[in-house]
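The report that follows describes one protein chain, taking up its sheet, its domains, its core and some details of its backbone in turn.

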Amino acid sequence: MSILKLEGLSKSFGGLKALRDVSIEVSELEFLGIIGPNGAGKTTLFSNIAGQLTPTSGRVVFDDTDITGWSADRVAKAGLVRTFQLMRPFESMTVLDNVAIASHQKIRSSRQARNHAADVIERVGLGEYMEKMSGTLPTAGLKRLELARALALEPKVLLLDEVLAGLVPTERAPIIELLREIHQGGVTTLFVEHIMAAVMALSERLLVMHEGTPLMIGDPQEVVNDPTVIEAYLGEDY
Ligand SMILES: Nc1ncnc2c1ncn2[C@@H]1O[C@H](COP(=O)(O)OP(=O)(O)OP(=O)(O)O)[C@@H](O)[C@H]1O
């Protein structure tokens, strides 16, 4: 069953067509990798799905509800949550407070929201940093915090935008493992990423975006071996 349907989604910025007629369906509990060259429209796609931008035309259907044009807050509360390439935690607040703010959007009671936030922080492996100021976290810790803030909203669908960017290879492996655990915990995941080893390790299906439109979608191995994809994105030496 599909949990997310994009129907003819397009987005223009003035004369620039950043998204052109994107139609894809994402199955419940799927892990969909999304790759493509810089400027292909990957982040714009997420922004149009998650409510930071309103599509110029087309529809976003989530869990059988047309959410096109909904505010980002409303989309997130409904269970479709994204992370950002540039993380924006409140640096002068503790890790717990940062995540509790997100929990509070789902849970009215402050005490319960904090308890829930603490559980999520443990789950992403930041337990020992609970009372530390967010601004003191190393990059890998900030990535975990970004994931915790997303998980605090109890997403059905998670949109991950280059969550591995800025990490050195030894830092990536545990975050990749965490992403796998989150997905296996029952979260449909869309994963925009340039690190191909991670894309191939996690993706069940792979979408290649090129010039604002899907170039190919399918089995990851078949997609990365496709000559058109190699020419558009991966290069001969992939
Ligand atoms: N707010 C905006 N206003 C005008 N143009 C924009 C805006 N956001 C994105 N664009 C343009 O839309 C196109 C798609 O950009 P987008 O950031 O979605 O690409 P991307 O695939 O995410 O790239 P990257 O891999 O570098 O993050 C680019 O040409 C970009 O310059």
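## The four-stranded sheet

In this predicted model, four strands form an open sheet in the order E2-E1-E4-E5, and their pairing is antiparallel. Strands E2 and E5 are the edges of the sheet, each of them pairing on one side only. Between E1, which covers residues 2-13, and E2, which covers residues 16-27, there are eight bridges, and the two strands run antiparallel; within this pair, Ser2 of the chain stands opposite Ser27 in E2. The hairpin that E1 and E2 form has two residues between the strands, and Gly14 takes a positive phi there, near 60 degrees.

On the other side of the sheet order, E1 is joined to E4 (residues 57-62) by five bridges, again with the strands running antiparallel. Lys5 stands opposite Val61 in E4, while in E5 the bridge partner of Val61 is Asp66, and Val61 thus appears in both of these pairings. E4 and E5 (residues 65-66) are joined by two bridges and run antiparallel. As a general matter, the strands of a sheet pair through backbone hydrogen bonds, in either a parallel or an antiparallel manner.

## Positive phi values in the sheet region

Most residues other than glycine have a negative phi, and against that background several aspartates deserve attention. The hairpin of E4 and E5 has two residues between its strands, and in it Asp63 takes a positive phi near 55 degrees. Asp64, which is found in the loop between E4 and E5, also has a positive phi, of about 70 degrees, although it is not a glycine. Asp64 is exposed, because 9 other C-beta atoms lie within 10 Å, and 12 or fewer is the condition for that class.

Asp21, by contrast, lies in a strand, namely E2, and its phi is near 50 degrees, a positive value in a residue other than glycine. Is Asp21 exposed or partly exposed? With 15 C-beta neighbours inside 10 Å, Asp21 counts as partly exposed.

## Two domains and their contact

The domain assignment of the protein chain gives domain 1, made of residues 2-79 and 155-234, and domain 2, made of residues 90-146. The C-alpha centres of domain 1 and domain 2 lie 25 Å apart. Seven residues of domain 1 are in contact with seven residues of domain 2. On the side of domain 1 that touches domain 2, helix H6 gives the most, with three residues, and the residues of that side divide into four nonpolar, one polar and two charged.

H6 itself has 16 residues and reaches 23 Å from its first C-alpha to its last, which is close to the 22 Å expected at 1.5 Å a residue. The helix is followed by Gly186, whose phi is positive, near 110 degrees.

## The nonpolar core and helix H5

The largest nonpolar core has 64 residues, and those with the most contacts inside it are Val99, Ile121 and Ala148. This core draws at least three residues from each of domain 1 and domain 2. In soluble globular proteins, nonpolar side chains tend to be buried together. Which residues does Ala148 contact, leaving aside its neighbours within four places in sequence? They are Val99, Val120, Ile121, Val124 and Leu126.

Ala148 is one of the buried residues of H5, among which are also Lys143, Arg144, Glu146 and Arg149 as well as Leu145, Leu147, Ala150 and Leu151. H5 covers residues 139-151, has 13 residues, and reaches 18 Å from its first C-alpha to its last, close to the 18 Å expected at 1.5 Å a residue. What covers the buried residues of H5 includes strands E6 (80-82) and E7 (157-161), together with helices H3 (95-104), H4 (110-123) and H6 (169-184).

## An exposed position in helix H4

Arg111 has its place in helix H4. Why does Arg111 count as exposed? Arg111 is exposed because 9 other C-beta atoms lie within 10 Å, where 12 or fewer is the condition for that class. Arg111 and Ala232 are 121 residues apart in sequence, and their C-alpha atoms are 51 Å apart in space.

How values were computed: Residues are numbered from 1 along each chain as its sequence is written. This is a predicted model: local features need pLDDT of at least 70, side-chain atom pairs count only at pLDDT 80 or more; totals for chains, interfaces and linings use all residues. A nonpolar core is a set of buried Ala, Val, Leu, Ile, Met, Phe, Trp, Tyr and Cys residues joined through C-beta atoms within 7 Å. A residue is buried if 20 or more other C-beta atoms lie within 10 Å of its own, exposed if 12 or fewer, and partly exposed in between; C-beta atoms are placed from the backbone. Domain bounds come from an automatic or database domain assignment. Two residues are in contact if their C-beta atoms, placed from the backbone, lie within 7 Å. The expected span of a helix is 1.5 Å times one less than its number of residues. Ala, Val, Leu, Ile, Met, Phe, Trp, Tyr, Cys and Pro count as nonpolar, Asp, Glu, Lys and Arg as charged, and the others, Gly among them, as polar. Two strands pair if DSSP finds at least two bridges between them.
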